Amino acid sequence: MAPALLLVPAALASFILAFGTGVEFVRFTSLRPLLGGIPESGGPDARQGWLAALQDRSILAPLAWDLGLLLLFVGQHSLMAAERVKAWTSRYFGVLQRSLYVACTALALQLVMRY
């Protein structure tokens, strides 16, 4: 009974990290700040704005960085979901395997949102 109780803090910490990351992700993806300055989607100004943005190096560099971070998140998420990795983490972390998976995914998502 005592060893099982020692797992509770680790699982609870993983849950809090994942829940906090979910809240931050919802706030991060909110489009309200972005929609204020964008012209209507059907107008000619909208198309010119996107074409100009895609030719501006000051926009392309952060966009490439964001895509790289997104690939990091997807890669980490997919890698840890693979059966071979699940078996390895289960062997070394036991019942905390799922908590480790959730914590690593939340940390990768935090990196995506911070940079």
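**A nonpolar core shared by α4 and α6**

In this predicted model, the largest nonpolar core consists of five residues: L69, F73, A108, L109 and V112. Helices α4 and α6 each contribute at least two residues to this core, with α6 providing the largest share, three residues. Such a grouping is a familiar sight, as nonpolar side chains in soluble globular proteins tend to be buried together.

It helps to look next at how the two helices are placed. Two packed helices are described by the angle between their axes and the distance between the axes. For α4 (residues 57-81) and α6 (residues 97-114), the axes come within 9 Å and cross at roughly 175 degrees. Because angles over 145 degrees count as roughly antiparallel, α4 and α6 are roughly antiparallel to each other. On the α4 side, the contact is formed by L69, L70, L72, F73, Q76, H77, M80 and A81; on the α6 side, L100, Y101, C104, T105, A108, L109, L111 and V112 take part. Sorted by character, the residues of this contact comprise 13 nonpolar and three polar ones, with no charged residue.

Helix α4 itself deserves a closer look. With 25 residues at 1.5 Å a residue, α4 should span 36 Å, and this agrees with its end C-alpha atoms, which are 36 Å apart. Its buried residues are L69, F73, Q76 and M80, and these pack against α5 (83-93) as well as α6. L69 and F73 thus link the parts of this picture: both are buried residues of α4, both belong to the contact with α6, and both are members of the largest nonpolar core.

Note on methods:
Residues numbered from 1 in each chain as written. Predicted model: local features only at pLDDT ≥ 70, side-chain atom pairs only at ≥ 80, totals over all residues. Heavy atoms only, no water. Axes fitted to C-alpha atoms, helices over the stretch in contact; angles between N-to-C directions. Helix = DSSP H or I, 4+ residues; strand = E, 2+ residues; numbered from the N terminus. Parallel < 35°, antiparallel > 145°, perpendicular 65-115°, else oblique. Contact = heavy atoms within 4.5 Å. Nonpolar A, V, L, I, M, F, W, Y, C, P; charged D, E, K, R; others polar. Expected span 1.5 Å × (residues − 1). Buried < 20%, exposed > 50% of the residue type's maximum accessible area, 1.4 Å probe, protein only. Core = buried A, V, L, I, M, F, W, Y, C linked by side-chain atoms within 4.5 Å.
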